[in-house]
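Q: I am new to this structure. Please show me how to read its features one at a time.

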Amino acid sequence: MSAQPYHLYVERTDATKNMARYYSMAITTTLFGEACLTRSWGRIGKRGQYMSHHFEREEEAVDLFLTLTRKKRARGYRPRVTTGP
């Protein structure tokens with residue numbers, strides 16, 4: 001498994017449309033040594049949906065991770081904005 005972690009959490013909000021969505025992804029290793037891309041999405045504050053993809057090679061998981069990241073950025077998802085301490 002790669003030394004570089006693959007984690008993503010982005011949100012898309014629009015008060016005029018009552019929209020408050022999140023999308024998160026992470027690549028991990030299963031007990032059998034396979035790469036696993038785990039995705040979850042839904043309304044902020046709710047449990048949402050969950051999906052896992054299993055791959056024999058980590059490169060395949062990274063390719064899907066980057067493809068989905070580009071699609072979410074194109075749809076307006078951005079990292080969460082936090083205000084001071």
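The turns below go through the sheet, the helix, one residue and the aromatic rings.

Q: How are residues numbered, and what kind of model is this?
A: This is a predicted model, in which local features need pLDDT of at least 70 and side-chain atom pairs count only at pLDDT 80 or more, while totals for chains, interfaces and linings use all residues. Residues are numbered from 1 along each chain as its sequence is written, and side-chain values use heavy atoms, with hydrogens and water left out.

Q: What is the order of the strands in the sheet?
A: Helices (H or I, at least four residues) and strands (E, at least two) are DSSP runs, numbered from the N terminus. Two strands pair if DSSP finds at least two bridges between them. Here 5 strands make an open sheet in the order E4-E3-E2-E1-E5, with antiparallel pairing. Strand E4 (49-55) and strand E5 (78-79) are the edge strands, and each pairs on one side only.

Q: Which helix packs on this sheet?
A: Contact means heavy atoms within 4.5 Å. Axes are lines fitted to C-alpha atoms, for helices over the stretch in contact, and angles run from 0 to 180 degrees between N-to-C directions. Helix H1 (residues 58-74) packs on the sheet and touches E1, E2, strand E3 (35-43), E4 and E5. The direction of H1 makes about 165 degrees with that of E2.

Q: How many bridges pair E1 with E2, and how many join E2 to E3?
A: E1 and strand E2 (residues 19-29) pair in the antiparallel sense over 8 bridges. Within this pairing, Asp-14 stands opposite Met-19, and Thr-13 opposite Ala-20. E2 and E3 also run antiparallel, joined by 9 bridges, and Arg-21 stands opposite Arg-43 there.

Q: Which residues in the two hairpins take a positive phi?
A: The hairpin of E1 and E2 has 4 residues between the strands, and Asn-18 takes a positive phi near 55 degrees. In the hairpin of E2 and E3, with 5 residues between them, Gly-33 in the turn has a positive phi of about 85 degrees.

Q: Is Glu-11 buried or exposed?
A: Buried means under 20% relative accessible area, exposed over 50%, and partly exposed in between (1.4 Å probe, protein chains only). Glu-11, found in strand E1 (residues 7-14), counts as buried because its relative accessibility is 16%. Leaving aside neighbours within four places in sequence, Glu-11 is in contact with residues including Arg-21, Ile-44 and Tyr-77. By contrast, Glu-59 in helix H1 counts as partly exposed at 47% relative accessibility.

Q: How is a pair of aromatic rings described?
A: The description uses the distance of the centres and the angle of the planes. Rings of Phe, Tyr and Trp (its six-membered ring) pair if their centres lie within 6.5 Å; planes under 30 degrees apart count as stacked, over 60 as edge-to-face and the rest as tilted. The whole structure holds 4 aromatic pairs. Tyr-6 and Phe-65 form an edge-to-face pair, 5.5 Å centre to centre with 70 degrees between the planes. Tyr-6 lies in the segment before E1 and Phe-65 in helix H1, so this pair ties together parts that are 59 residues apart in sequence. Both Tyr-6 and Phe-65 are buried.

Q: Why does the pair of Tyr-23 and Trp-41 count as stacked?
A: The ring centres of Tyr-23 and Trp-41 are 6.3 Å apart and the planes are at 25 degrees, so the pair is stacked. Tyr-23 is in strand E2 and Trp-41 in strand E3, 18 residues apart.
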